[in-house]
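User: I would like to go through this model with you, beginning with a charged pair. Could you take me through it?
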Amino acid sequence: MARNKEALILLIDVGPSMHKLLPEVEKICSMLVQKKLIFGKYDEVGVVLFATDDTDNELTTEVGGYEHVVVLRNCKVVDGDIIEALQSLPRGAAPGDFLDAIVVGMDMMIKKFGQTSKGKKRLCLITDAKSPIKDPYEGTKEDQVDTIAAQMNAHGMKLESIIVRGRSSGDAAKGFMEENDSLLVHFSKKASAKTVYVESPTSLLGAIRTRNISAVTTFRGDLELSPKMKVKVWVYKKTAEEKFPTLKKYSDKAPPTDKFATHEIKVDYEYKGVEDPTKVIPPEQRIKGYRYGPQVVPISSDEWDAVKFKPEKSVKLLGFTDASNIMRHYYMKDVSIFIAEPGNAKATVAVSALVRAMAEMNKVAILRCVWRQGQASVVVGALTPNPSNVENIPDSFYFNVLPFAEDVREFQFPSFSNLPLSMQPNEKQQEAADNLVMMLDLAPPGKEEILRPEFTPNPVLERFYRVLEIKSKKPDAEVPPLDTTLKRITEPDPELLSQNMQVIDVFSKQFELKENPKIKKSARRLLNEKPSGSHKDELDGVVDAVGHQAVLSLKNKSSQMVDKVGSETPIEDFEAMMTRKGRADWVDKAIKDMKNLIFDLVENSYEGNTYQKAVDCLVALRKGCILEQEPKQFNDFLRHLCKFCSEKYLSSFCNFLASKQMRLISDTESSDSDVTDEEAGSFLVKTEPGV
């Protein structure tokens with residue numbers, strides 16, 4: 001068996017207690033095989049059903065006793081037949097003995113791959129474990145589990161048990177379930193076995209893994225607590241981002257008769273000189289160049305190696321701090337886990353002692369890590385103790401990367417307590433809001449957490465896999481509607497909402513919804529609205545005239561791709577840039593360009609010949625800053641402009657502004673302004689005598 005391929009045997013309970021869940025099991029198992037067909041085409045899959053009415057397996061013929069177990073498909077390379085078989089599973093009426101199913105699955109693996117323990121061999125058991133396990137001919141059921149576990153270890157097999165149970169189970173099955181759970185726990189102690197319990201189809205979807213990827217160490221070496229004290233540790237990735245699959249290009253140029261065609265597309269690059277474009281430059285004559293202004297500076301690989309930072313491979317302790325000093329939102333990237341070197345008793349004791357002491361004192365350690373020799377970057381992170389409550393699992397640490405000073409982004413959000421008393425919620429409103437938040441809790445006390453992270457798959461990826469499988473069979477097929485299981489992840493839970501409608505109604509009655517006149521509207525929306533005439537703070541005279549001109553020019557020029565404010569039609573250019581798609585960057589550029597133009601008009605005027613044009617541009621800038629809620633930019637600019645005029649003996653322009661009733665943007669015109677109406681109206685009056 002190839003080392004990087006996997007053989008999987010699905011052991012599915014089709015007994016009476018599973019009938020309600022089988023439609024979801026069919027859908028999820030067929031999708032599992034579909035993924036293997038697309039991305040793991042050489043993986044092998046077999047299917048065993050138990051609790052069936054019939055019996056069809058080789059062990060019953062050879063030794064007898066394994067009744068109500070049917071081998072639906074022998075272990076073979078995945079194909080469309082297995083998918084079709086999984087989409088219509090039979091319903092059985094017999095009790096389900098999952099130990100018999102495990103033995104039949106093991107027998108299939110051994111006969112397929114022989115006595116070797118190499119390769120990835122996995123048994124996936126899907127059942128509710130409510131049926132009794134029959135007594136063995138000799139010994140106890142625990143002895144039978146020991147025998148099965150020994151064979152699994154000898155042949156390198158792993159068992160993954162997924163127990164599907166609803167929130168309520170009958171008392172009649174309670175005794176059987178407790179016994180079965182005990183046997184599964186015994187399995188985990190004796191073999192490489194894992195058991196997970198799920199309640200919903202969504203959790204079932206996330207519990208069934210397409211492939212089990214073997215963990216690879218990130219670091220093996222010393223955890224250096226001091227120059228004289230070191231502990232041997234191994235570091236693994238605890239979590240990893242599940243990325244969107246990379247789709248390779250496919251070539252259809254190969255002849256249809258060529259069975260060994262890979263259909264891969266390879267890209268080769270040729271480097272040619274400017275002086276002789278026909279001559280190809282060989283690799284030994286090339287050198288990388290980096291732009292520095294208008295020049296290109298060549299830097300050879302030897303020079304790069306000489307200046308490159310090459311830290312030594314190490315994990316060193318920098319110090320300890322209280323756990324309260326390390327905020328959860330500081331964590332970056334993926335989580336790693338530190339364990340003692342396997343088989344090293346002294347390291348295990350040392351790690352355990354350190355974990356217990358740090359947990360008792362509520363401390364975390366700050367580490368400096370270089371995972372590989374010559375690694376270009378150094379990582380600083382927090383080591384958090386993780387004491388174990390399970391007998392056969394040792395203590396460990398979790399490691400989270402921390403940001404450097406330049407990586408930290410401080411976002412200051414004002415408190416509601418700073419608002420006026422009339423805008424703060426009363427006791428009933430606060431209580432209604434608290435109840436609404438508690439209602440939205442996905443982990444209510446005494447119940448299983450909804451959408452548990454470890455059992456909730458990425459809905460975008462799952463959707464992609466399903467559509468890709470449909471398109472692979474029929475390229476012209478339409479995208480199907482969203483699956484019910486995925487709706488439970490992406491849409492609000494209708495059951496949760498229906499149970500808490502009273503909380504929602506109380507919340508909606510406590511708060512009156514009305515339009516906020518100070519909410520920022522886009523310039524395009526405001527300019528399309530009819531003027532109401534209610535804006536009493538609008539500038540009179542030339543201000544209104546130029547504002548109206550700006551509106552007309554915007555409607556005529558908004559669709560044009562203007563990328564700068566020109567001197568010929570500055571107002572039209574400015575308004576077009578303000579309403580351009582992807583406006584965030586264009587708004588800043590338009591304001592900056594308009595400021596520079598106004599400065600040029602004022603500074604280069606001759607006996608005030610450009611003052612009127614400068615004021616027109618200033619009015620357009622003022623209106624744009626109001627629409628985009630940027631009052632501070634305009635107010636700061638106007639103050640700076642007046643100061644500039646007083647220093648450059650251009651007091652005539654300030655007088656001209658005063659005659660045109662130019663004002664700062666007040667807080668009544670823009671809620672983000674810190675200037676009152678009185679200050680806005682008296683700005684030029686105050687500054688004029690000093691000019």
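Analyst: This is a predicted model. Asp 107 and Lys 111 are four residues apart in helix H4, so about one helical turn separates them. Their side chains meet in a salt bridge, at 3.0 Å from N to O.

User: Is Asp 107 buried or exposed? And what about Lys 111?
Analyst: Asp 107 counts as buried because its relative accessibility is 15%, under the 20% limit. Lys 111 is partly exposed, with a relative accessible area of 42%.

User: Which residue outside that pair forms a salt bridge with Lys 111?
Analyst: Glu 58 does, with the closest N and O atoms 2.8 Å apart. Lys 111 lies in helix H4 (residues 98-113) and Glu 58 in helix H2 (residues 58-62), so this contact ties together parts that are 53 residues apart in sequence. Glu 58 is partly exposed, at 47% relative accessibility.

User: Which residues make up the network there?
Analyst: Salt bridges link Glu 58, Glu 62, Asp 107 and Lys 111 in a network. The whole structure has 23 salt bridges.

User: Changing topic: how many residues of helix H17 are buried?
Analyst: Nine of the nine residues in H17 (residues 570-578) are buried, so the helix is largely enclosed by the rest of the structure. Among them are Glu 572, Asp 573 and Glu 575.

User: And which residues make the nonpolar surface patch?
Analyst: Ile 265, Val 267, Tyr 269 and Tyr 271 make a patch of about 470 Å². Tyr 269 is exposed, with a relative accessible area of 67%, and is found in the loop between strand E8 (229-237) and strand E9 (289-292).

Note on methods. Residues numbered from 1 in each chain as written. Predicted model: local features only at pLDDT ≥ 70, side-chain atom pairs only at ≥ 80, totals over all residues. Heavy atoms only, no water. Patch = residues over 30% accessible without salt bridge, like charges linked within 9 Å, V, L, I, M, F, W, Y side chains within 5 Å. Areas by Shrake-Rupley, 256 points an atom, 1.4 Å probe, with all protein chains shown as cover. Salt bridge = Lys/Arg side-chain N within 4 Å of Asp/Glu carboxyl O. Helix = DSSP H or I, 4+ residues; strand = E, 2+ residues; numbered from the N terminus. Buried < 20%, exposed > 50% of the residue type's maximum accessible area, 1.4 Å probe, protein only.
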